[in-house]
Amino acid sequence: ASKNRPSMSAVVSHLRGSCAWVNWVVTFQNSFANQAMCWTLPILTDRALGWGELQNSFLFGAIAIAGISAAALSGCVASKHMEDRKIIVVNQLIVGCGLLPLSAFGGCTVTRLSETGLAALVISCAVVWTMGFQGQVPGQAGLYTKLIGAHDQGYYQALFMMVMTASRILNSVLLGAISELCPIWLICCLLWCLQWPFIIAVWHRLHPSVYEEYHKSCDRQRLEVPLASVDNNAPAATPVV
């Protein structure tokens with residue numbers, strides 16, 4: 001391994017010890033659903049509502065305004081009064097409030113709705129989902145940065161971005177291979193549900209006092225290794241006659 005890059009075993013050990021891997025799970029789900037929302041909403045509105053570019057532009061404009069507002073509120077207000085882990089959980093619950101109804105009654109059309117009812121459902125659920133998705137970004141980014149710590153931060157951020165990219169690529173492949181919207185939405189719902197057991201399993205490890213103590217332990221180990229190396233390589237003292 002390069003001197004400027006940790007070994008694979010060190011990366012795995014650090015991700016396990018810090019529990020930063022749970023951010024990978026959450027961001028994989030987020031990126032997959034985000035890609036699905038961007039690509040499938042115009043298809044859904046075209047097939048079910050007959051909307052064109054103008055109507056969809058208004059829809060995505062409303063989504064953008066809602067997302068920016070949620071991110072600003074979360075980053076400027078909520079982050080000062082809530083832990084990062086709680087910001088993530090609250091906003092992921094909001095994501096579910098938008099994702100699950102939209103998947104059931106829009107993407108998979110379990111029950112037939114009137115055109116007006118479906119339009120209201122699509123707009124409201126898309127806005128709610130976006131508020132949750134964008135609202136969790138400050139907590140997600142902040143928690144991952146704190147779990148990783150200052151050491152090799154750039155390298156682990158690059159790995160984080162690779163997880164996001166892999167999720168989007170997988171979604172794009174599935175969208176190209178599957179003509180129906182329902183399987184894509186079901187996968188989004190499945191990923192959203194599967195993240196919760198992982199979050200619950202490491203919930204106590206995501207508290208500031210726990211990961212701060214973990215980093216103190218890591219810092220002590222980094223200091224001990226060079227000192228031991230210096231002691232072992234030091235020349236033997238010349239005896240005084």
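In which helix is the place of Gln-134? It is helix H5, and that helix makes a handy way into this predicted model.

Before going there, let's get the overall layout. The protein chain has 9 helices and 0 strands, so if you walk along the sequence you read α-α-α-α-α-α-α-α-α. Of its 241 residues, 40% count as buried. Take the contacts between residues at least 6 apart in sequence: 82% of them join residues at least 24 apart. As for the outside, the accessible surface comes to about 13200 Å², and carbon and sulfur atoms account for 68% of that.

Now back to H5, which runs over residues 115–135. With 21 residues at 1.5 Å a residue, H5 should span 30 Å, and because its end C-alpha atoms are 30 Å apart, the expected span and the model agree. Plenty of H5 is tucked away: the buried residues include Leu-118, Leu-121, Val-122, Trp-129 and Phe-133, along with Gly-132 and Gly-135. What covers them? Among the elements doing the covering of the buried residues of H5 are helix H2 (21–49), helix H3 (53–81), helix H4 (84–107) and helix H6 (137–148).

Gln-134 itself is another story. Its relative accessibility is 26%, so Gln-134 counts as partly exposed; the cut-off for buried is under 20%. Setting aside neighbours within four places in sequence, Gln-134 is in contact with Gly-67 and Ala-71. There is also a link over a long stretch of chain: Ser-74 is 60 residues away from Gln-134 along the chain, yet their C-alpha atoms are separated by 8.6 Å.

H2 deserves a stop too, and Ser-31 is a residue to look at there. Is Ser-31 buried or exposed? It counts as buried, because its relative accessibility is 2%. Beyond its neighbours within four places in sequence, Ser-31 is in contact with Met-164, Ser-167 and Arg-168. These three contact residues sit within the range of helix H7 (153–177).

Next, the empty space inside. How many cavities of 30 Å³ or more are there? The count comes to 1, and the largest cavity has a volume of about 70 Å³. Its lining is made up of Val-22, Asn-23, Val-26, Arg-85, Ile-88, Val-89, Gln-140, Leu-143, Ile-199 and Leu-206. H2, H4 and H6 each supply at least two residues of that lining. By type, the lining residues divide into 7 nonpolar, 2 polar and 1 charged. The charged one is Arg-85, while the polar ones are Asn-23 and Gln-140.

Last come two backbone oddities in loops. Most residues other than glycine have a negative phi. Cys-19 goes the other way: it has a positive phi of about 65° although it is not a glycine. Cys-19 is placed in the loop between helix H1 (8–18) and H2, and with a relative accessible area of 2% it is buried. Asp-152 also has a positive phi, near 55°, and is likewise a residue other than glycine. You'll find Asp-152 in the loop between H6 and H7. Is Asp-152 buried or partly exposed? At 25% relative accessibility, Asp-152 counts as partly exposed.

Technical notes
Residues are numbered from 1 along each chain as its sequence is written. This is a predicted model: local features need pLDDT of at least 70, side-chain atom pairs count only at pLDDT 80 or more; totals for chains, interfaces and linings use all residues. Side-chain values use heavy atoms; hydrogens and water are left out. Helices (H or I, at least four residues) and strands (E, at least two) are DSSP runs, numbered from the N terminus. Buried means under 20% relative accessible area, exposed over 50%, partly exposed in between (1.4 Å probe, protein chains only). Contact means heavy atoms within 4.5 Å. Accessible areas come from the Shrake-Rupley method with a 1.4 Å probe; for residues, only the protein chains shown count as cover. The expected span of a helix is 1.5 Å times one less than its number of residues. On a 1 Å grid over the protein atoms alone, a cavity is a set of points where a 1.4 Å probe fits but cannot get out, and a pocket is an open set with protein on both sides within 12 Å along at least five of seven lines; lining residues have an atom within 4 Å of a point. Grid points are joined across faces, edges and corners, and a volume is the space filled by probe spheres set on the points.
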